[in-house]
Amino acid sequence: MGRKFSAAELFSVSGPSHLTAVDWTNVHHRRAIAASLVEAAYRIERDRQENRQGPEAQASPYWEFFHFKLNHVLIDNVDNSIFGVIYEYNFPNPHLFHNNHNQLKPPKYAVAFRGTLTQPDTRSRDLKLDFQCICNTIHESSRVLLAMQAMQSLVSSCGAKNVWLAGHSLGSAIGLLVGKNMAKMGFPLETYLFNPPFISAPIGSIKGERVRHGIRIAGSIMKVISGISSTGRR
């Protein structure tokens, strides 16, 4: 009998296809979906670097499984790498959600930011941005500016309640800044941050309930996926 693979191993190899049941009203499921979208942001940049296209590309299963489509990519103006991805949800059955206005629904758009990649194309730029995190100057980077512009455009078009924000590691730092800024402007976003690059997640030090609202700090993406796999097969 072959070895039984862990949820993290399955997720790494084949994407989220082993998550056999998804409940959009379950916060743990929503967190796992956000983790998948962040993983896709990593993989779409790796696909670009390794020139994987068509059936060889590895990113699309991580959003297509949840009925998202690729809307737009955010490109760093220094190294031309993809650091963020905007996904748009394709409602397979709109009436399923529209009949209950109080029910938690999928977002119309989700924005995910990857973390540091150590491949040659991205290593130098990403490590410089990591250093800016340490020096508390990441807010001055062009990535944060581009991320803010994209988020303001989405919120302007469909409202804050219809937009998710997610990120991992360096992407969590960008996501946290974008989320805080949008909340201060009166647009709190449902936000999922994985392994933020801080000694301790600074949510408790954020002033104002409006700013803290909706920001969820999680551990590693793989831990989140492992947890959801055990609850998704009821």
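This short presentation walks through selected features of one chain, from model confidence to helices, strands and aromatic pairs.

Good morning, colleagues. The structure before you is a predicted model. The chain averages a pLDDT of 81, and 71% of the residues score at least 70. Over residues 199-213, however, the pLDDT is below 50, and this stretch has 20 contacts in the model beyond near neighbours in sequence. Residues 224-234 also stay under 50 in pLDDT, and for them the model has 26 contacts beyond four places in sequence.

Let me turn to helix α5. This helix holds 12 residues, 123-134, and at 1.5 Å a residue it should span 16 Å; the C-alpha atoms at its ends are 17 Å apart, which agrees. Which residues of α5 are buried? They are R125, D126, L129, Q132 and C133. These residues cover an arc of only 110° around the axis, and therefore lie on the same side of α5. The buried residues of α5 pack against two other helices, α6 (142-158) and α7 (170-184). On the face turned away from that buried side, α5 carries the exposed residues K128, F131 and I134. I would point out that the buried set includes R125 and D126, while F131 and I134 are among the exposed residues.

Just after α5 comes N136, with a positive phi of about 60°. Most residues other than glycine have a negative phi. Two further asparagines deserve mention under this heading. N51 has a phi near 55°, again a positive value in a residue other than glycine. Its place is the loop between α2 (27-49) and α3 (61-64). Is N51 buried or exposed? With a relative accessibility of 54%, N51 counts as exposed, because the threshold for that class is over 50%. N80 is the other case: its phi is positive, at about 60°, although N80 is not a glycine.

N80 brings us to the strands, since this residue sits in the loop between β1 (68-75) and β2 (82-89). The two strands, β1 and β2, pair in the antiparallel sense over 7 bridges. I75 has I82, in β2, as its bridge partner. The hairpin of β1 and β2 has 6 residues between the strands, and N80 takes its positive phi within that hairpin.

Next, the aromatic residues. A search of the whole structure finds 10 aromatic pairs. In one of them, the rings of F83 and F113 have their centres 6.1 Å apart and their planes at 10°, so the pair is stacked. Where in the chain do F83 and F113 lie? F83 is in strand β2 and F113 in strand β3 (residues 109-113); the two are 30 residues apart, and the pair links distant parts of the chain. Both F83 and F113 are buried. Elsewhere in the list of aromatics, ring pairs link W24, W63, F68, Y87, Y89, F91, W164 and Y192 into a cluster.

My last item is Y62, which lies in helix α3. Its relative accessibility is 2%, so Y62 counts as buried. The C-alpha atoms of Y62 and A34 are separated by 9.9 Å, and these residues are 28 apart along the chain.

To close, I would recall two points. The buried residues of α5 share one side of the helix, and positive phi values occur at N51, at N80 and at N136. Thank you for your attention.

Definitions and conventions:
Residues are numbered from 1 along each chain as its sequence is written. This is a predicted model: local features need pLDDT of at least 70, side-chain atom pairs count only at pLDDT 80 or more; totals for chains, interfaces and linings use all residues. Side-chain values use heavy atoms; hydrogens and water are left out. Helices (H or I, at least four residues) and strands (E, at least two) are DSSP runs, numbered from the N terminus. Buried means under 20% relative accessible area, exposed over 50%, partly exposed in between (1.4 Å probe, protein chains only). The expected span of a helix is 1.5 Å times one less than its number of residues. The arc is that of the directions from the helix axis to the C-beta atoms. Contact means heavy atoms within 4.5 Å. Rings of Phe, Tyr and Trp (its six-membered ring) pair if their centres lie within 6.5 Å; planes under 30 degrees apart count as stacked, over 60 as edge-to-face and the rest as tilted. Two strands pair if DSSP finds at least two bridges between them. pLDDT is the predictor's confidence in each residue, from 0 to 100.
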